[in-house]
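Visitor: I'm new to reading protein models. Could you walk me through this one?

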Amino acid sequence: MVFDLMYVVFPEYPLTWLGDEMQSSIFVELDFVKEAENSKSTAEYFHDFKGVTALRIPKIIEAQPRILIMEYVPGARLDNLQYMKDNGIDTSEVSSCLSHIFNNMIFTPGVGLHCDPHGGNLAIRKLEHKQPGDKHNFEIILYDHGLYRNIPIEMKRNYAHFWLAVLDNDIPKMKEYTTKFTGIEGEQKFRIWMSAITGRAPEVALNYDIKTKRSVDEMSSIQSQLNSDSTIIEDLMSILSSMPRIVLLILKTNDLTRNLDESLQSVLGPERTFLIMANYCARCVYEEKVEEIDNKYKGVSLSKWVEQCKNWWMYQRRVSMLFLYDFALMIKRVVSL
């Protein structure tokens, strides 16, 4: 009702979509039986990925619609750098684990996305005794599994194509998959979208260098553009009100995890987490192409084999980028010792 009244007074700033989203989400979030189901299914799925995620989800003891009893698993906040320093926890590895957790959720078919990963729903604690499968001296605890969304497979694939286009600085492809993914059209709205999804100034986002971090001057530039041009706010509101609701939750998750990554002050910078995401994108696009080839060619043929080889090579080329980066990092660490 409040958002409807605001729209009457300020029609140029539509926020009724936010009321609709809250209306559809709040009752789902407050059903603790559903939260228990989300928690169990996510824990089961990530059981085999503990080596790269260090993920710990508290076990469910009992669940009723209004009562949820869980295993008590305390930890420090992810922005508590002193805790990590005192316990010998490498913030760069924490950052990588976070990237693996949420990119796996976003880009893997059939996996639900935890849509509320704010600082209060994530914690970290040192492992006193490692168990089989533990490759880190810490575990990341993920709480509050009430708000999940299942991203349609076509949307996952379009989103993956979009990020690979960003990695390649291919602006026509960025525009193409932005439209497919969000429905956004028009040059200014595209620039606003690029700034929103990357957290960078538009001119930086359109020539994205994954090695660079956001500077204070860049963030001031973004604020200055917002303050000086009222049409940007109006276009932003238009974008938010018209794009698919699931995209809003992906944006929210993307922004929260980026801020967490920045707060960890990883010495590796944003490059490694970006390349981890690129690996998930590449796998998503590779599997899409495999499906297309199988549908195009029935049986065995030379043309099918050639296309399969090309697809495999493109995928391996992407994957090798992270491998080579990690190898160079390993050498750098050995030399520094």
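Visitor: How many salt bridges does the structure hold?
Guide: Before we count, keep in mind that this is a predicted model. Side chains of opposite charge can pair when their charged atoms come close. For the structure as a whole, the number of salt bridges comes to 15.

Visitor: Which side chain meets Lys252 in a salt bridge?
Guide: Lys252 sits in helix α13, and its partner is found in the loop between β4 (113-114) and β5 (122-126). The two are 136 residues apart, so this pair links distant parts of the chain. The N to O distance is 3.3 Å, and the partner is Asp116.

Visitor: Is Asp116 buried or exposed?
Guide: Let's start with the other half of the pair: Lys252 has a relative accessible area of 32%, which makes it partly exposed. To count as buried, a residue must be under 20%. Asp116 has 13% relative accessibility, so Asp116 is buried.

Visitor: Which helix holds both Glu176 and Lys173?
Guide: These two form a salt bridge, with their closest N and O atoms 3.5 Å apart. Glu176 is partly exposed at 30% relative accessibility, and Lys173 is partly exposed at 35%. They lie three residues apart, about one turn of the helix, and that helix is α8.

Visitor: What is the N to O distance in the salt bridge of Lys175 and Glu187?
Guide: Lys175 lies in helix α8 and Glu187 in helix α9, so the pair ties together parts that are twelve residues apart in sequence. Lys175 is partly exposed at 32%, and Glu187 is partly exposed at 43%. Their side chains meet with an N to O distance of 2.8 Å.

Visitor: Which residues are linked with Arg56 in a network of salt bridges?
Guide: Here we leave single pairs behind and look at a network. Arg56 is linked there with Glu71, Arg125 and Glu139.

Visitor: Which element gives the most residues to the lining of the largest pocket?
Guide: The largest pocket holds about 680 Å³ of space and is lined by 30 residues. Elements giving two or more residues to that lining are α6 (91-107), α7 (153-167), α9 (187-198), α13 (245-263) and α14 (271-296). With seven residues, the top contributor is α6.

Visitor: How many residues in the lining of the largest pocket are charged?
Guide: Lying nearest the pocket's centre are Thr257, Arg258, Asp261, Pro270 and Thr273. Sorted by class, the lining has 13 nonpolar and eleven polar residues, and the charged ones number six.

Visitor: How far apart in space are the C-alpha atoms of Thr42 and Met105?
Guide: Thr42 belongs to helix α3 (residues 32-46). Thr42 is buried, as its relative accessible area is 7%. Along the chain, Thr42 and Met105 are 63 residues apart, while their C-alpha atoms are separated by 9.2 Å.

Visitor: Is Val2 buried or exposed?
Guide: You'll find Val2 in helix α1 (residues 2-9). Together with Met6, Val8, Val9 and Phe10, Val2 forms a nonpolar patch on the surface, with about 470 Å² of accessible area in total. A residue counts as exposed when it is over 50%. The relative accessible area of Val2 is 54%, so Val2 is exposed.

Technical notes. Residues are numbered from 1 along each chain as its sequence is written. This is a predicted model: local features need pLDDT of at least 70, side-chain atom pairs count only at pLDDT 80 or more; totals for chains, interfaces and linings use all residues. Side-chain values use heavy atoms; hydrogens and water are left out. Patches are made of residues with over 30% relative accessible area and no salt bridge: like charges are joined within 9 Å, nonpolar side chains (Val, Leu, Ile, Met, Phe, Trp, Tyr) within 5 Å. Accessible areas come from the Shrake-Rupley method with a 1.4 Å probe; for residues, only the protein chains shown count as cover. A salt bridge is a side-chain nitrogen of Lys or Arg within 4 Å of a carboxyl oxygen of Asp or Glu. Helices (H or I, at least four residues) and strands (E, at least two) are DSSP runs, numbered from the N terminus. Buried means under 20% relative accessible area, exposed over 50%, partly exposed in between (1.4 Å probe, protein chains only). On a 1 Å grid over the protein atoms alone, a cavity is a set of points where a 1.4 Å probe fits but cannot get out, and a pocket is an open set with protein on both sides within 12 Å along at least five of seven lines; lining residues have an atom within 4 Å of a point. Grid points are joined across faces, edges and corners, and a volume is the space filled by probe spheres set on the points. Ala, Val, Leu, Ile, Met, Phe, Trp, Tyr, Cys and Pro count as nonpolar, Asp, Glu, Lys and Arg as charged, and the others, Gly among them, as polar.
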